[in-house]
Amino acid sequence: MEKDFEDNQAIKKLKTLAEDIRFCMYTTYEDGRIVSRPMTTLDIDAEGNVWFFTSRHTGLVKDAHRGDPVTLIYSDPKNNTYLSVSGTASIVESERRKEELWNLMSKAWFPGGKDDPDLAVLRVTTQEAAYWDSTSSKMVVFFSMLKAVITGSTPDGGDHGRLNLV
């Protein structure tokens, strides 16, 4: 069933889905090709911005300084939940934000801690988002698809829609 969300409800839905999945494929367009890399979502703020840590020596920093568009792809096949977020990236120079986002697992990537000179704070400002969320079990989804094949109808794919944050 198509179900769009607006403003605060859209941000709440974005937060719920992305924070449950946590990991996304951070996707950019570089030199005529699509490039993706896994990233860990650290926070989604009240405006729907998505926050990450990255290394100052990656192409992400260069892309962010140019304001290149990015897409974040979240996928949880086990729970039939998917989320696509499009926006622009920027580097945020904020010691306070580093402190807020820091967690024990971050130390694996940044052994120097919050003061590691390689640590950069990356914000993706969300411009649009879409989701697909089936609360049904895999068995219910399977039987819905089987019924659709037999009856020539379309299976119930659960809820989907746009998250209009702006």
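**Entry 1: the largest pocket**

I began with the lining of the largest pocket, which by class has 11 nonpolar, six polar and three charged residues. The model I am reading is a predicted one, and I keep that in mind for every value below. For the volume of this largest pocket I noted about 490 Å³. I then looked up which residues lie nearest its centre, and found Met39, Thr40, Phe53, Trp109 and Phe110 among the 20 residues of the lining. The elements that give two or more residues to this lining are β3 (33–40), β5 (50–55) and α4 (106–109).

**Entry 2: the aromatic rings**

Since Phe53 had come up at the pocket, I turned next to ring contacts, and I recorded three aromatic pairs in the structure. In one of them, the rings of Phe53 and Trp102 have their centres 5.8 Å apart and their planes at 50°, so I entered the pair as tilted; a pair counts as edge-to-face only when the planes are over 60 degrees apart, and as stacked when they are under 30. Phe53 belongs to strand β5, while Trp102 is in the loop between α3 (95–101) and α4, so that the pair links distant parts of the chain, 49 residues apart.

Phe53 also pairs with Phe110, and here I wrote down edge-to-face, with 6.3 Å centre to centre and 75° between the planes. This pair, too, links distant parts of the chain, with Phe110 placed in the loop between α4 and β8 (119–133), 57 residues from Phe53 in strand β5. I checked whether the two phenylalanines are buried or exposed, and both Phe53 and Phe110 proved to be buried. For Phe53 the relative accessible area is 9%, and it is called buried because that is under 20%. Taken together, ring pairs join Phe53, Trp102 and Phe110 into a cluster.

**Entry 3: a charge over a ring**

I also looked at Trp51, and found the charged end of Arg97 sitting over its ring, 4.2 Å from the ring centre.

**Entry 4: positive phi angles**

Last, I looked up backbone angles, bearing in mind that most residues other than glycine have a negative phi. Arg22 has a positive phi, near 70°, and I located Arg22 in the loop between α1 (7–21) and β2 (23–30). Asn80 likewise has a positive phi, near 55°, and lies in the loop between β6 (69–76) and β7 (81–92). I then asked how exposed each one is: Arg22 is partly exposed, with a relative accessible area of 38%, whereas Asn80 is buried, at 15%.

Note on methods. Residues numbered from 1 in each chain as written. Predicted model: local features only at pLDDT ≥ 70, side-chain atom pairs only at ≥ 80, totals over all residues. Heavy atoms only, no water. Helix = DSSP H or I, 4+ residues; strand = E, 2+ residues; numbered from the N terminus. Buried < 20%, exposed > 50% of the residue type's maximum accessible area, 1.4 Å probe, protein only. 1 Å grid on protein atoms, 1.4 Å probe; cavity = no way out; pocket = protein on both sides within 12 Å on 5 of 7 lines; lining within 4 Å. Points joined across faces, edges and corners; volume = space filled by probe spheres on them. Nonpolar A, V, L, I, M, F, W, Y, C, P; charged D, E, K, R; others polar. Phe/Tyr/Trp six-rings, centres within 6.5 Å; stacked < 30°, edge-to-face > 60°. Lys NZ or Arg CZ within 6 Å of the ring centre and 35° of its normal.
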